[in-house]
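Work through the exercises below with the sequence and the 3D view open. Try each task before you read its solution.

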Amino acid sequence: MDVKLKIDRENAYRAYDDFSCCETQQDGSVIVQANLAKADWVVEHILSYGESCEILEPKELREEIQDILGKMLEKYRRQPVG
């Protein structure tokens with residue numbers, strides 16, 4: 001699957017380590033374009049960037065991440081544990 005990501009400058013160094021096609025923007029962020037396998041590890045790897053990464057394309061991957069993040073947020077909005 002063709003993926004386009006925007007990674008904030010704080011984690012730009014990781015993008016250069018992880019991906020071969022990176023384009024530095026004026027604000028120091030990096031646009032990554034890569035062809036990645038459609039596999040669970042891809043989602044997990046993208047999530048490892050935390051709030052520093054935004055999926056620009058494809059729409060389906062962006063929606064999948066939104067769904068995962070929504071479920072995670074629900075857990076933290078519930079009654080505190082303990």
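Helices (H or I, at least four residues) and strands (E, at least two) are DSSP runs, numbered from the N terminus. This is a predicted model: local features need pLDDT of at least 70, side-chain atom pairs count only at pLDDT 80 or more, and totals for chains, interfaces and linings use all residues. Residues are numbered from 1 along each chain as its sequence is written, and side-chain values use heavy atoms, with hydrogens and water left out.

**Exercise 1. The elements**

Task: Count the helices and strands of the chain, and give the order of the elements.

Solution. Step 1: count. There are three helices and four strands. Step 2: read from the N terminus. The elements run β-α-β-β-α-β-α. Step 3: look at the extent. The C-alpha atoms fill a box of roughly 45 × 25 × 20 Å, taken along the principal axes.

**Exercise 2. The sheet**

Task: Find the strand order of the sheet and name its edge strands.

Solution. Step 1: fix the rule. Two strands pair if DSSP finds at least two bridges between them. Step 2: write the order. The four strands form an open sheet, E2-E3-E1-E4, with antiparallel pairing. Step 3: find the edges. Strand E2 (22-24) and strand E4 (53-57) each pair on one side only, as edge strands do. Step 4: note the twist. From one strand to the next it averages 20°. Here axes are lines fitted to C-alpha atoms, for helices over the stretch in contact, and angles run from 0 to 180 degrees between N-to-C directions. Step 5: add the helix. Helix H3 (residues 59-77) packs on the sheet and touches strand E1 (2-7) and E4. Contact means heavy atoms within 4.5 Å. The direction of H3 makes about 145° with that of E4.

**Exercise 3. The bridges**

Task: How many bridges join E1 to E3, and how many join E1 to E4?

Solution. Step 1: take E1 and E3. Six bridges join them, and the strands run antiparallel. Lys6 has Ile31 as its bridge partner in E3. Ile7 stands opposite Val30 in E3. Step 2: take E1 and E4. Four bridges join this antiparallel pair. Leu5 has Ile55 as its partner in E4. Step 3: take E2 and strand E3 (residues 30-35). Three bridges join them, again antiparallel. Cys22 is partnered by Val32 in E3. Step 4: look at the turn. The hairpin of E2 and E3 has five residues between the strands, and Gly28 there takes a positive phi near 95°.

**Exercise 4. Two faces of a strand**

Task: Which side chains of E1 are buried, and which are not?

Solution. Step 1: recall the pattern. In a regular strand the side chains alternate between the two faces of the sheet. Step 2: set the cut-offs. Buried means under 20% relative accessible area, exposed over 50%, and partly exposed in between (1.4 Å probe, protein chains only). Step 3: sort E1. Val3, Leu5 and Ile7 point to one face and are buried. Asp2, Lys4 and Lys6 point to the other face and are not buried. Step 4: widen the view. Of the 82 residues of the chain, 30% count as buried.

**Exercise 5. Two loop residues**

Task: Leu36 and Ser20: is each buried or exposed?

Solution. Step 1: place Leu36. This residue is found in the loop between E3 and helix H2 (40-47). Step 2: classify Leu36. Leu36 counts as buried because its relative accessibility is 12%. Step 3: list its contacts. Leaving aside neighbours within four places in sequence, Leu36 is in contact with Met1, Val3, Phe19 and Val42. Leu36 and Val3 are 33 residues apart in sequence and 6.9 Å apart in space, C-alpha to C-alpha. Step 4: turn to Ser20. Ser20 sits in the loop between helix H1 (12-18) and E2. Its relative accessible area is 81%, so Ser20 is exposed.

**Exercise 6. A peptide bond**

Task: Where is Pro58, and what kind of peptide bond joins Glu57 and Pro58?

Solution. Step 1: place Pro58. The residue lies in the loop between E4 and H3. Step 2: check omega. The value is about -5°, and the bond between Glu57 and Pro58 is cis.
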